[in-house]
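Here are a few notes to go with the structure, for whenever you have a minute. Have a look at it first, then read on.

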Amino acid sequence: MNSKFPVFIAGMYDPAGVGGFGNVIPNDFIFSSINLLAQIKRELGSLDKVKKIVRLSGFVNSDAEFYQHPKVINAASDLFFEIFGDKGKHSRIAVGVACLPLNSMTEIDAIIEFLEWRRKN
């Protein structure tokens, strides 16, 4: 699935910018994950068609002194496991980057195995 940024429920985007752990909010990954789940549901028609979450890739907009990227992406991993159970167990990468599009704090993408898919006409 394509990369997703945190787009807040109220329809407003509030970029947090670069920061250390005090400014990196794991909730950004939850918002990004919800956007990713919505895209999966839109494409497959139902989350029940997900066979396995193979891999999550998380990117954290952080300064050079920040080393806790895996802790930030834990929120996304936990959410996928909570929703999909054993099907949500996945490998993952967590990477710190100097900047992300739109000055977003986080970006996530996923490799997903699914049962069936039919292109919408």
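**Notes on the sheet and an aromatic pair**

1. Let's start with one contact between strands: Ser57 has Asp109, in β3, as its bridge partner. Keep in mind that this is a predicted model.

2. That bridge leads to the strand pairing. β1, covering residues 50–61, runs antiparallel to β3, and nine bridges join the two. As a reminder, strands in a sheet pair by backbone hydrogen bonds, in either a parallel or an antiparallel way.

3. Now the whole sheet. It is open and has three strands, ordered β2-β1-β3, with mixed pairing. The edges are taken by β2 (91–97) and β3 (106–114); each has a single partner strand, so one side of each has no neighbour in the sheet. On average, neighbouring strands here are turned by 15° against each other, ignoring direction.

4. On to the aromatics. How many aromatic pairs does a search of the whole structure find? The answer is one. The pair is Phe80 with Phe84: their ring centres are 6.1 Å apart and the planes sit at 25°, so this counts as stacked, the cut-off for stacking being under 30 degrees.

5. Where do these two rings sit along the chain? Both belong to helix α2 (residues 69–84), and because they are four residues apart, about one helical turn separates Phe80 from Phe84.

6. Last point: are the two rings' residues buried or exposed? Phe80 is buried, its relative accessible area being 0%. Phe84 comes out at 8% relative accessibility, so Phe84 is buried too, given that the cut-off for buried is under 20%.

Technical notes. Residues numbered from 1 in each chain as written. Predicted model: local features only at pLDDT ≥ 70, side-chain atom pairs only at ≥ 80, totals over all residues. Heavy atoms only, no water. Phe/Tyr/Trp six-rings, centres within 6.5 Å; stacked < 30°, edge-to-face > 60°. Buried < 20%, exposed > 50% of the residue type's maximum accessible area, 1.4 Å probe, protein only. Pairing = 2+ DSSP bridges. Axes fitted to C-alpha atoms, helices over the stretch in contact; angles between N-to-C directions.
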